[in-house]
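Here is a short guided look at how two protein chains meet, followed by a few places worth visiting inside them. Have the viewer open and follow along.

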Number of protein chains: 2
Amino acid sequence: MNKATLIQEIKAKKSFLCIGLDTDIQRLPKHLLDAEDPIFEFNKAIIEATSEFCVAYKPNIAFYESLGSKGWDSLQKTMDIIPNNIFTIADAKRGDIGNTSALYARAFFDKASSGFNFDSVTVAPYMGSDSVKPFLTYDNKWVILLALTSNEGAGDFQFIENNQQEPLYKSVLTKSQEWANDERMMYVVGATRPEFFAEIRKLSPKHFYLVPGVGAQGGSLEEVCKYGLNDEVGLLINSSRNIIYASSGLDFAEKAKVEAQKMQEEMAKILAYNKLT
Amino acid sequence: MNKATLIQEIKAKKSFLCIGLDTDIQRLPKHLLDAEDPIFEFNKAIIEATSEFCVAYKPNIAFYESLGSKGWDSLQKTMDIIPNNIFTIADAKRGDIGNTSALYARAFFDKASSGFNFDSVTVAPYMGSDSVKPFLTYDNKWVILLALTSNEGAGDFQFIENNQQEPLYKSVLTKSQEWANDERMMYVVGATRPEFFAEIRKLSPKHFYLVPGVGAQGGSLEEVCKYGLNDEVGLLINSSRNIIYASSGLDFAEKAKVEAQKMQEEMAKILAYNKLT
């Protein structure tokens, strides 16, 4: 999916919500555990209940991988039922030397090889240019590069300043713009540090950010939007646990729908207030 | 496998060779392509031909993942035939927020969940402490953390100096020693930059390094050993393409054996010269 289509979908749905499919076999409603593929049954119900309120789904690959090849089958079936007008993100945090990143790109982008046809993949920047570029060789596919993450450990390295007082996450933001522009690259910017959004926006005015950390991790939607929105919206706000685990009972999908709709309605107000619809 | 056992194996085999199973369906000998599972057949032949000369196997996860769930099945079968006295490395470069890294740890360490029981996994440091620690909660399992990688892109961020002129890869080496000691953590240090080994050794005198980049990427075994060996050997030298693709014909396993033995013999000399056997 290209940028223009993504923006069109956001405006049509009045939503920039991404729903994280962090589907953990240990947290599923009990009545699903007898199904042949409980992970898929859960995802199917969540997708059917929430797809009108979100513009993106983000399967967190760790959760599928933790179940071995069975988990990859569940992921495959899940991807096959996500509506075509929804942007898909393989949240995989991959990155390796060039010849290996090329294989990770096949894993997420090359349907003939792996069965998967994601629109984007999250990539870790530590290994630099040749670890990222192989993901950029597919038409209309995106790299979503880690810049400033939402977790506590982000403080260990991402704020280390170089001799021009530029923290590492800013070096990532500037250096990586030599590899691809805002039509092919987005950045992960965590909602738990909204005070940094204004400066990050200055460095990457036209880019989309994938923003984790609203909800379970404590980030605020309003704060993020205040500093992060641009004139093409420029934000995909992720929510995972708050939506998919809103209830652990028979009504899990219904409750997920309620939570997704609540976020969509907040987003619609924010878009209207900022004259972005 | 614990450190003492690993050192014992190295001394018994007079080898600190790790063989990278970067098994690419597009590079397999043609006669294998008719097999039900060509990837597994290739690995099986390589393992049978080389296991007496190496102390570790390192499946490069990207290559299996690129084939979807079928690839994970091939990996599973491969792991099941690796002899128990050989150290296994999931070269996966994973790392995410704590609750997600915990699931990646299940993927590689928790046989009951995923089917896999690797001894170690490679982890990317960008997201800091809580992205690494979940991998350290399994007995006798190791984190192999990226420090200085062998690729060209390593230069983009890993050499950025902080205000004490300490490059990022050194910050990773020192900070991460707060999370685990040399009995639970190793570092990836690329062979393509042997001039840095002496200084890295000073910062982590007792750690094992997993060293990629000898062979296809141009690194020299002698140079690496000159500066990288410690009194417990402290090196696992990886070779992938040079060994597993030594021939693309019917004799691929035989030729792989020749290459593996050649490296083992060089290593035996180096160990003897350094009085490490």
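Let's begin right at a crossing point between the chains: a polar atom of the side chain of B:Ser113 lies 2.5 Å from the backbone oxygen of A:Ser66. Please keep in mind that this is a predicted model. B:Ser113 belongs to helix 6 of chain B, residues 111-114. With a relative accessible area of 17%, B:Ser113 falls under the 20% limit and is therefore buried. Leaving aside residues up to four places away in sequence, B:Ser113 touches A:Ser66, A:Leu67 and B:Arg106. B:Gln76 is 37 residues from B:Ser113 in sequence, and the two C-alpha atoms are 13 Å apart.

**The interface as a whole**

Stepping back, how are the two chains related? Chain A superposes on chain B by a rotation of 180° with 0.0 Å of shift along the axis, at an RMSD of 0.0 Å. The two copies are thus related as by a two-fold rotation axis. Of the interface residues of chain A, 100% are also interface residues in chain B, so the copies meet through the same surface.

The contact draws 58 residues from chain A and 59 residues from chain B. Together the chains bury about 5000 Å², and 57% of that area is on carbon and sulfur atoms. The interface also has eight salt bridges and 36 residue pairs in polar contact, both residues of each pair being at pLDDT 80 or more. On the side of chain A that touches chain B, helix 5 (residues 98-109) of chain A gives the most, with seven residues. One salt bridge to look up joins A:Arg106 and B:Asp24, whose closest N and O atoms are 3.4 Å apart.

**Helix 11 of chain A**

Now turn to helix 11 of chain A, which spans residues 221-228 and has A:Leu221, A:Val224, A:Cys225 and A:Gly228 as buried residues. Viewed down the helix axis, the buried residues of helix 11 fall within an arc of 95°, so they line one face of the helix. The face turned away from this buried side carries the exposed residues A:Glu222 and A:Lys226. What covers the buried residues? The cover includes helix 10 (197-203), strand 7 (209-211), strand 8 (235-239) and helix 13 (252-273) of chain A. At the N-terminal end of helix 11, A:Ser220 acts as a cap, with a side-chain oxygen 3.4 Å from the backbone nitrogen of A:Glu222.

**Two loop residues of chain A**

A:Ser247 sits in the loop between helix 12 (241-244) and helix 13 of chain A. Its relative accessibility is 13%, which is under 20%, so A:Ser247 counts as buried. The side chain of A:Ser247 has these polar partners:

| Side chain of | Partner | Distance |
|---|---|---|
| A:Ser247 | backbone nitrogen of A:Gly249 | 2.9 Å |
| A:Ser247 | side chain of A:Asp251 | 2.4 Å |

Not counting residues up to four places away in sequence, A:Ser247 touches A:Phe252 and A:Lys255.

Is A:Asp139 buried or exposed? At 67% relative accessibility, A:Asp139 is above the 50% limit and so counts as exposed. A:Asp139 lies in the loop between helix 7 (129-132) and strand 5 (142-148) of chain A. A:Phe109 is 30 residues from A:Asp139 in sequence, with 9.7 Å between their C-alpha atoms.

How values were computed
Residues are numbered from 1 along each chain as its sequence is written. Chains are lettered from A and ligands numbered from 1 in the order in which they are written. This is a predicted model: local features need pLDDT of at least 70, side-chain atom pairs count only at pLDDT 80 or more; totals for chains, interfaces and linings use all residues. Side-chain values use heavy atoms; hydrogens and water are left out. Buried means under 20% relative accessible area, exposed over 50%, partly exposed in between (1.4 Å probe, protein chains only). Helices (H or I, at least four residues) and strands (E, at least two) are DSSP runs, numbered from the N terminus. The arc is that of the directions from the helix axis to the C-beta atoms. Contact means heavy atoms within 4.5 Å. A polar contact is a pair of N or O atoms within 3.5 Å; within protein, one must be able to donate a hydrogen and the other to accept it, and residues adjacent in sequence count only if both atoms are side-chain atoms. Copies are superposed by least squares on the C-alpha atoms of residues with pLDDT of at least 70 in both. Buried area is the accessible area (1.4 Å probe) that two parts lose on being put together, summed over both. A salt bridge is a side-chain nitrogen of Lys or Arg within 4 Å of a carboxyl oxygen of Asp or Glu.
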